[in-house]
Amino acid sequence: KDGKALNRHTLYNYIEKAAIDGSDKSRVTIGGRLNNWDTFELSPDGSRYVISGREDQPDAGYDLFLLSVDDDKIIKITENQYRARKPSWSPDGNSIAYFGTDSSGVADLVLMTPTGSVIDTLAGGFISYSTPQWAGDGGRIVFYGYTGIEGSIYEYSTIQQSLRALFPKPSGYSFVSINPLKENELLFVHSGQFYNLNTITMDSTVLELTPSTTNRYLYPIWTPDGSHILYSNNGLHRISKRGGEAEKLNLLSDYDVWHLRSSISPDEKYLTVSYGSLTSFFNYGTLELLFSLKGVTQLSWAPESDKFVCIDYDSHVSIYEKQDEKFTIRNSNDIEKVYSVDWSKTVQESRLEILCCVNKRFSDESRLYNYDLLLFDDKLENFHTLLSYDPLLYACWLPNSADFVYSYGSRMKIRRAFSNF
């Protein structure tokens, strides 16, 4: 909770706790009682883990266990569960929320005490679900649930004992970004049968900007003032965050294609449009073509608008700096398979400002991948590995913050990049 250490599940039947700087490591051994286990969470006071696992017995289902940090003692707290999954501690440590599944595969959200006494069954009927997330005061639990007919992000009030769907949709969510001037407002793309653009605020007010049609609305970005959204759809379009008629930007006919990645410099002088291995720089006010750079596939601006970080055609990362009204390469790094970059618009004291998602294959013969999120300095000379996931899909900074949001699988999380690691 203090950000000084992290815990990880290992393949060797123990949980490892490591200090962020790597100076101190300790292990908590599960022993031979469980032959399979997956999700776990450390209690708020740091004394024990709750684990979803299966005992080394014939026909055993997944139950919940408490594992002591001090003496490795393990206690089973659920009994005869077909599957008890995704446990989550309440902030005060007095309750555990988890999904209990019967033999048909249908799950209920259950609230219980650490001694194993069921407090209440909060919601039911889910065949797919995410780990419950508690609000800091313990008054709300938020999770994604899919019933087989529709899915939604749900909020359960532990005070009012009521459940409500924040935003119902039949399937998943893909892209999300945050309004640079209004941090409780999100833009996201719902990727069900079709693609369409939406905005949503933290109070669950949803506005559908584009209709659910066979068209694809790709690579949306906010304008720097947070008033409009640019997106690719057989050309580059601009639409108000309040909806209405979209305006197609009058660029060259070469850009009447689907997959256009765009960016706007923080000073709103430049509009860049990337297609394939070519990025063109336009005057954002007049849409006059200024110049083009070959080999640049996507980019992110520095806060001063005088340089940017980009991915080249060979998936390396480089920094270009302004010189004589054009941009020339200044620094680069030989790390390969970079597929997402974002330069913080807030100057960090540590100068560690550039997020890079990197896709690494373990070996040429293996189909296994490892996805790293790296944090570089402003010269691409030094970096730290923030986290690794399979798959890690996207990461970007929150505005005016040392926090960043990232997506992996079907989940999205917000984390802080600590300057001291």
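Two residues are in contact here when heavy atoms of theirs lie within 4.5 Å, and with that in mind the tour can start at a single serine in this predicted model.

**Stop one: Ser-274**

Select Ser-274, which sits in strand 26, and show its surroundings. Leaving aside residues up to four places away in sequence, Ser-274 touches His-259, Leu-260, Arg-261, Thr-279, Val-296, Thr-297 and Gln-298. With Thr-279 there is also a polar contact, made between the side chain of Ser-274 and the side chain of Thr-279 at 2.6 Å. Is Ser-274 buried or exposed? Its relative accessibility is 4%, and because buried means under 20%, Ser-274 counts as buried.

**Stop two: the second largest pocket**

Next, select Tyr-219, Arg-261, Gly-276, Thr-297 and Gln-298, which are the lining residues nearest the centre of the second largest pocket, out of 13 that line it. Arg-261, Thr-297 and Gln-298 have already appeared among the residues that Ser-274 touches. The space in this second largest pocket comes to about 150 Å³. If you colour the lining by class, you should find five nonpolar, six polar and two charged residues. Which strands each supply at least two residues of this lining? They are strand 26 (270-275), strand 29 (296-301), strand 30 (307-312) and strand 33 (338-343).

**Stop three: the largest nonpolar core**

Keep strand 30 and strand 33 in view, and add strand 31 (317-323), strand 34 (352-361) and strand 35 (369-377), since the tour now turns to the largest nonpolar core, to which each of these elements gives two or more residues. This core has 15 residues, and those that touch the most other members are Val-309, Val-317, Val-338, Val-341, Ile-354, Cys-356 and Phe-376.

**Stop four: two loops with positive phi**

Most residues other than glycine have a negative phi, and the last two selections depart from that pattern. Go first to Asn-234, in the loop between strand 22 (228-232) and strand 23 (236-240), where phi is near 55°, a positive value in a residue other than glycine. Asn-234 has a relative accessibility of 35% and therefore counts as partly exposed.

Then move to Leu-287, in the loop between strand 27 (278-283) and strand 28 (289-294). Phi of Leu-287 is near 65°, again a positive value in a residue other than glycine. Whereas Asn-234 is partly exposed, Leu-287 is buried, with a relative accessible area of 19%, and the cut-off for buried is under 20%.

Terms used. Residues numbered from 1 in each chain as written. Predicted model: local features only at pLDDT ≥ 70, side-chain atom pairs only at ≥ 80, totals over all residues. Heavy atoms only, no water. 1 Å grid on protein atoms, 1.4 Å probe; cavity = no way out; pocket = protein on both sides within 12 Å on 5 of 7 lines; lining within 4 Å. Points joined across faces, edges and corners; volume = space filled by probe spheres on them. Helix = DSSP H or I, 4+ residues; strand = E, 2+ residues; numbered from the N terminus. Nonpolar A, V, L, I, M, F, W, Y, C, P; charged D, E, K, R; others polar. Buried < 20%, exposed > 50% of the residue type's maximum accessible area, 1.4 Å probe, protein only. Core = buried A, V, L, I, M, F, W, Y, C linked by side-chain atoms within 4.5 Å. Polar contact = N/O pair within 3.5 Å; in protein donor to acceptor, adjacent residues only side chain to side chain.
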